[in-house]
Amino acid sequence: MAQTGSRISAADDTTVVRAAIHPAIGIGRIGSSIDAFFYGPEVSYPTPAAPGFYRDAIGALKRQAARFRIYGYNAAGAVVAELTTANASITWSVHLRNEKAAWYEFQLAMDIPEVTDAKPAKRRNFAVTGPDRAKLAIDGGTVKISGADISGPAYRFNGEFFGIPVSLGELRTDEAGRLIILGGQGVSGSYAHQPLQDFGNNDGWHDDTSDGPVTAVVTIDGQAVPVDPAWVVIAPPNYAPNLKTVRTMYDLLFDLFVQSGQLQPPTRSRSPATFCRFYSA
């Protein structure tokens, strides 16, 4: 090991003192397929999928899984290694909820000038009051999972909406013990059998989108390591998956100048920011 005096240099320090879950915000998507799913983008420019990739053999829409990894950092803040079942003990914990029916109505997009003159939004299902308002929130509870290649009924998020069972998805792990979160299957309905009145703000209705915290307990050689948490969002399907999402003007211009040869491309880094960008959905 390279040393400076009696101290190990940051580059050669392989002692993990903390860890972090990546991506910080993972995006999963609902789909009607019972078993088929695919991983959401894990690189900035994923290779476009072949026609038909996003549907299963009977034409049902595959769910987009949000996959999470854990990276270990040394005292200098440099990434030492990805932590998997090969070098650490990991227990994942996820809590999924859907509080859409108890939240505010959608009025206008918040990034347009007209929003300054909009009327204050009222709560959805305004007529539901008292203790019954708790029935508007679909709580899938906290589910824990550990090990490699784990799945099954014990790892499902089961909630209800006014007594109607609602599944918000499930947890799995891959061959290295990374966390896989699968959302709901695009099921929506009205507990009072009310017809839809609009594209949004339909009182009495629910769906199986959700979001919630992602945490982990990690030990290395019997020693607990603090872990920075993450968040997962289970959104509707992306019907135009090859379109680029929103990005900052800085990133856009930096990429443009690099491609034109006016700036040098950045060197590969193991900083936290690099991994967050690399694994952002």
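How many of the residues of strand E6 are buried? In this predicted model, E6 is mostly covered, and 11 of its 11 residues count as buried. That makes E6 a handy place to start, but a quick look at the whole chain helps to set the scene.

The protein chain holds two helices and 18 strands. Its C-alpha trace spans about 75 × 50 × 45 Å along the principal axes. Of the 281 residues, 36% count as buried. Long-range contacts are plentiful in the count: among contacts between residues at least 6 apart in sequence, 68% link residues at least 24 apart.

How far can the model be trusted? The mean pLDDT of the protein chain comes to 89, with 91% of the residues at 70 or more. Two stretches call for some care. Over residues 1-6, pLDDT stays under 50, and the model gives this stretch eight contacts beyond four places in sequence. Over residues 270-281, pLDDT also stays under 50, and here the model has 26 contacts beyond four places in sequence. Where pLDDT is low, the predicted coordinates should not be read in detail, so those contacts are best taken lightly.

Back to E6, which covers residues 63-73. In a regular strand the side chains alternate between the two faces of the sheet. In E6, Arg63, Ala65, Arg67, Arg69, Tyr71 and Tyr73 point one way, while Gln64, Ala66, Phe68, Ile70 and Gly72 point the other way. Residues on both sides are buried, the arginines and tyrosines included.

The pairing partners of E6 come next. With E7 (residues 79-83), E6 pairs in the antiparallel sense over four bridges. Across this pairing, tyrosine 71 stands opposite glutamate 82 in E7, and glycine 72 has alanine 81 as its bridge partner. E6 and E7 make a hairpin, with five residues between the two strands. In that turn sits glycine 77, whose phi is positive at about 90°.

E3 is another partner: five bridges join E3 to E6, and the two run antiparallel. Here arginine 18 stands opposite tyrosine 73 in E6. Strand E5 (residues 37-39) runs parallel to E6, joined to it by three bridges. In this pairing, tyrosine 39 faces alanine 65 in E6 as its opposite number. Strand E12 (residues 179-182) pairs with E6 in the antiparallel sense, again over three bridges. There, the bridge partner of alanine 66 is isoleucine 181.

Some of the loops have backbone features worth a look. A cis peptide bond joins histidine 22 and proline 23, with omega at about 0°. Proline 23 belongs to the loop between strand E3 (18-22) and strand E4 (25-29), so to speak just past the strand that carries arginine 18 opposite tyrosine 73. Asparagine 125 has a positive phi of about 50° although it is not a glycine. This asparagine is found in the loop between strand E8 (89-98) and strand E9 (138-146). Histidine 193 is also not a glycine, yet has a positive phi of about 60°. Its loop runs between strand E13 (189-190) and strand E14 (205-206).

Are these two residues buried or exposed? Asparagine 125 is buried, with a relative accessible area of 3%. Histidine 193 is exposed, with a relative accessible area of 73%.

Finally, there is open space to consider. The second largest pocket holds about 410 Å³ of space. Its lining is made up of 21 residues, and Lys100, Arg124, Gly200, Asn201 and Asp207 lie nearest its centre. Sorted by class, the lining of this pocket has 10 nonpolar, six polar and five charged residues.

Notes: Residues numbered from 1 in each chain as written. Predicted model: local features only at pLDDT ≥ 70, side-chain atom pairs only at ≥ 80, totals over all residues. Heavy atoms only, no water. 1 Å grid on protein atoms, 1.4 Å probe; cavity = no way out; pocket = protein on both sides within 12 Å on 5 of 7 lines; lining within 4 Å. Points joined across faces, edges and corners; volume = space filled by probe spheres on them. Nonpolar A, V, L, I, M, F, W, Y, C, P; charged D, E, K, R; others polar. pLDDT = per-residue confidence, 0-100. Contact = heavy atoms within 4.5 Å. Pairing = 2+ DSSP bridges. Buried < 20%, exposed > 50% of the residue type's maximum accessible area, 1.4 Å probe, protein only.
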